[in-house]
Amino acid sequence: QAPTLLLPDDRYSKAAHRWSGQEVAAVVQAWASGRPLLVRGEAGCGKSQLARAVATVLGLPLFTEVIHPRYEATDLLYREDPVKRLAQAQLLAAIRPALPSGPDPLAWLTAQLDPGRFVEKGPIWRAMIQPVPQGEGRGHPAWPRAVVLIDEIDKADSDIPNALLDVLGNRSFTPPATGVAVNCGDAHRPFIVITTNEDRELPPAFVRRCSVLNLRPDDGSEAAFIAWLLLRARAHPDLLPLDGPANSAMQGAAAQVWADRSAAAKLGLPTVGLAEYLDLLYSLLRLSAGDGQRALALLGPLSAYALVKQREQDQARPPGSGQRQGD
């Protein structure tokens, strides 16, 4: 599939997403079924980028939320801020004597402290109330109004995916503080992408309610894995000065990732992949000012600090070996 220029971000402003046939088919099936797309795979293999690519292709706003262990089940929908409400009450108590007397001071105070004023919209709420997209083809009821990325849901307790089941099924919820239902109905429902690094097993009922894409690198052989990395690196126009017909920094870095990845796997340690490869290439690009030969010379001395991550590994390993010195 042809690459698609991604929505700009802080790191890769000109980067493109290289679509695979599996990704296209999974997105189409999830979109048509109205189910969220659960993307499974190792860290750094491009799961989150897939949501950005969908938003870019469909011309939709993207709402992103990264899950953490202290995340509450309702945070994807809304967050209540009782501390802010208490501070407002204290402020009003302090300034009220200086204000002109109104017809009903109690009603005024009640309105100022209405709990609904202290509710922050979460990403799913904001996506549900996005305007219906306009333009050719976008008036179709199946066209989403927004894309939501729920990143690393495996970091959360099981109550968070379970709490999503009802909301994703009904496409509506009612914040207790407002008592007003938020409902986007069947038409123009948001397209939701959920990622997991498989650090924690997800509830089976939740997985059954999702379309699932198992996203993994082509690492059956060294040649296949290097080709997989190169294809994705070449979707970054800024990195092209590091490419070449043979013995380039881009190719040398890919071979080094394979070596260090294989060494870590033999030791039973977490492995590096696409994310670390791109980090290494961008550091070489900046330090070499785009000089491909200079970047290649820097690869040996610097690669260990991008690719050798675990304390059990020796960062003094010979360049290209991926092994601990002496192995």
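In the predicted model, helix α10, spanning residues 274-288, packs against helix α11, spanning residues 292-307, at an angle of about 135 degrees, and the axes of the two helices lie 9 Å apart. Because angles over 145 degrees count as roughly antiparallel and those from 65 to 115 degrees as roughly perpendicular, this arrangement makes α10 oblique to α11. The crossing of α10 and α11 is right-handed. On the side of α10, the contact is made by Glu-276, Leu-280, Leu-284, Leu-287 and Ser-288, and on the side of α11 by Arg-294, Ala-295, Leu-298, Leu-299, Leu-302, Ser-303, Ala-306 and Leu-307. When the residues of this contact are sorted by character, nine are nonpolar, two are polar and two are charged.

This helix pair belongs to a chain of 327 residues that contains 11 helices and 11 strands. Of the residues in the chain, 43% count as buried, and the accessible surface comes to about 16,400 Å², with 54% of that surface belonging to carbon and sulfur atoms. Among the contacts in the chain with a separation of 6 or more, 72% are accounted for by residues 24 or more positions apart.

Two glutamates in loops were found to have positive phi values. Glu-152, which is not a glycine, has a phi near 60 degrees, and its place is the loop between strand β7 (147-151) and helix α6 (159-170). The relative accessible area of Glu-152 is 23%, and since the partly exposed class begins at 20% and ends at 50%, this residue is counted as partly exposed. Glu-198, likewise a residue other than glycine, has a positive phi of about 65 degrees and lies in the loop between strand β10 (191-196) and helix α7 (204-208). With a relative accessibility of 37%, Glu-198 also counts as partly exposed.

A further loop position was examined at Gln-134, which is found between helix α5 (123-128) and strand β7. Gln-134 has a relative accessible area of 63% and is therefore classed as exposed, the cut-off for that class being over 50%. Along the chain, Gln-134 and Arg-145 are 11 residues apart, and the distance between their C-alpha atoms is 9.5 Å.

Key. Residues numbered from 1 in each chain as written. Predicted model: local features only at pLDDT ≥ 70, side-chain atom pairs only at ≥ 80, totals over all residues. Heavy atoms only, no water. Axes fitted to C-alpha atoms, helices over the stretch in contact; angles between N-to-C directions. Helix = DSSP H or I, 4+ residues; strand = E, 2+ residues; numbered from the N terminus. Parallel < 35°, antiparallel > 145°, perpendicular 65-115°, else oblique. Left-handed = near helix turned anticlockwise from the far one by under 90°. Contact = heavy atoms within 4.5 Å. Nonpolar A, V, L, I, M, F, W, Y, C, P; charged D, E, K, R; others polar. Buried < 20%, exposed > 50% of the residue type's maximum accessible area, 1.4 Å probe, protein only. Areas by Shrake-Rupley, 256 points an atom, 1.4 Å probe, with all protein chains shown as cover.
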